[in-house]
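Please work through the following exercises with the structure in view. Each task is followed by a solution in steps.

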Amino acid sequence: MDVTIVLILLLIGALATYFSGNALASKVALFFSVAALGASLMILNQFNQGIDSSFSAVWMKNPNILFSLKVDGLAIAMMLLTTLLMPLIILSSFGNNFNNPKNFYALVLFMAFAMVGTFLASDGFLYYIFWELSLIPIYFIALIWGNDDMVERRKAVIKFFIYTFVGSLFMLAAFIYMYQKEGSFQLDKLYALELSSKEEFWIFMAFFMAYAIKIPLIPFHTWQANVYQKAPTVGTMLLSGIMLKMGLYSVIRWQLPIAPNAAKELQYIIIGLSIAGVIYGSIVALKQKDLKKLLAYSSLAHVGLIAAGCYTLTVDGLRGAVLQMIAHGFVIVGLFFAAEIIFRRYETRAISDMGGIRQQTPKFASMFMILVLASVALPGTFNFVGEFTVLYSLFTKNLAFAVLGGTTIILGAFYMLKMFQNVMLGETNAKPFADVNLTEGIVMVVIIGFLLFFGLFPKPIIELITPSIQEILVHIK
């Protein structure tokens, strides 16, 4: 069995969901997301047994384009991040009533198909196709099923679409240029391509424009908070939990090994830019009165630290960045779901309208507290493993980077605990707050269980991703 089975299941799932009708759409989508997860675990099992599940076939002869999917530890880790989160994201939406649910859930699965394809593709043109395909469903998910005024929502979503699409065109131009020199889009051929310093610089910058917008890094972040706030929570989970990881993953897989000398020359500038995002995101989060926006800026701060780890060009930095990508994916999905649970009861995202919830539902408050502590990288949670490794890598480069990067923990602890106090503690809220139901509880418990288990035992993931990272570093060094 090769890895195409995962893509086939997600694509067939999207079609089956659409044609199943509105009454069955959510259940069909959940079934196929679980099936894709099962197939991903089988691919992992084959990988551990030394069986190569990669796939390659000629797609076009002129130009020379292959439908080529690479299966290594890094690709499997990102594929599993997607296929593990998808059933949870779909299950979390069962408490919402969407218009035309067959369209909604079909787009969700199609987006998963495109994101998994992005993580697996080892042909530059195929990778670009998957990269752009992932943009289409989230555009419609945010625009049609989003929150607040339609005019404001349209402005935010169109800005996001234009930003990301234009950034991607720079990347496409870089691929076309390299194809003209090499005659191939294949990853290994692009790694071996001999480029002048000037060529490397411009190719590096072309990739940087695409990835800095997607992640996002400041000053390319201006689309993020509004889209996170105005998208439906499922859309926000897809964006923050998985889609932004496409940019971070691509830095490691494509940008750094193709243009290593430019990466070394610009290393300190980009690390500084990333850390500036950590500080900026944390400070702006302190001022937020909307719970969803606070979490959006918190995410901006955390991905800034992950990006800084990527650009250290060290095994600890890259490994810590991947670990933190996975941990952040789970914790941010959990936090946005907690915000959605509150919204379902109170129909508000204003923190000032909350408070006193713990008195009515101590179980939910306890689960929310664990997610908050994981977000601030409490030892024993998976986020601590990733953040500590990234901060160590920054320390090996420059003490100031580690100190400034550490503000994500200090400021994060301040605004997240302050948020928890304002949302959960205080006198009992006059509004009744129903305890979490079975579906909500399952989603929260699975996320928390994942964060705690791999916080105490990260070895399986470390052993999975480290050989791939070391192989990539051979091309960078």
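A residue counts as buried under 20% relative accessible area, as exposed over 50%, and as partly exposed in between. The model used in these exercises is predicted.

**Exercise 1.** Classify Phe-67 and its ring partner Trp-59 as buried, partly exposed or exposed, and describe the geometry of the pair.

Solution.
Step 1. Phe-67 has a relative accessibility of 26%, so Phe-67 counts as partly exposed.
Step 2. For Trp-59 the value is 38%, and therefore Trp-59 is partly exposed.
Step 3. A pair of aromatic rings is described by the distance of the centres and the angle of the planes.
Step 4. In the pair of Trp-59 and Phe-67, the centres are 6.3 Å apart and the planes make an angle of 80°. Planes over 60 degrees apart count as edge-to-face, and the pair of Trp-59 and Phe-67 is edge-to-face.
Step 5. Trp-59 and Phe-67 both belong to one aromatic cluster, whose members also include Phe-55, Phe-110 and Tyr-179.

**Exercise 2.** Apply the procedure to Trp-223 and Tyr-228.

Solution.
Step 1. The ring centres of Trp-223 and Tyr-228 lie 6.3 Å apart, with 70° between the planes, and the pair is edge-to-face.
Step 2. Trp-223 has a relative accessible area of 3%, so Trp-223 is buried.
Step 3. Tyr-228 is at 0% relative accessibility and therefore counts as buried.

**Exercise 3.** Locate Ser-250 and Thr-17, state whether each is buried or exposed, and list their contacts beyond four places in sequence.

Solution.
Step 1. Ser-250 is placed in helix H11, which covers residues 233-258; Thr-17 belongs to helix H1, residues 4-20.
Step 2. Ser-250 has 0% relative accessibility, so Ser-250 counts as buried. Thr-17 is at 0% relative accessibility and therefore counts as buried.
Step 3. With residues up to four places away in sequence set aside, Ser-250 touches Tyr-127, Trp-131, Tyr-211 and Gln-255.
Step 4. With neighbours within four places likewise left out, Thr-17 is in contact with Ala-25, Val-28, Ala-29, Lys-102, Tyr-105, Ala-106 and Leu-109.

**Exercise 4.** Which rings have the charged end of Arg-349 or Lys-431 over them?

Solution.
Step 1. The charged end of Arg-349 is over the ring of Phe-343, 3.9 Å from the ring centre.
Step 2. The charged end of Lys-431 is over the ring of Tyr-346, at 5.3 Å from the ring centre.

Definitions and conventions:
Residues numbered from 1 in each chain as written. Predicted model: local features only at pLDDT ≥ 70, side-chain atom pairs only at ≥ 80, totals over all residues. Heavy atoms only, no water. Helix = DSSP H or I, 4+ residues; strand = E, 2+ residues; numbered from the N terminus. Buried < 20%, exposed > 50% of the residue type's maximum accessible area, 1.4 Å probe, protein only. Contact = heavy atoms within 4.5 Å. Phe/Tyr/Trp six-rings, centres within 6.5 Å; stacked < 30°, edge-to-face > 60°. Lys NZ or Arg CZ within 6 Å of the ring centre and 35° of its normal.
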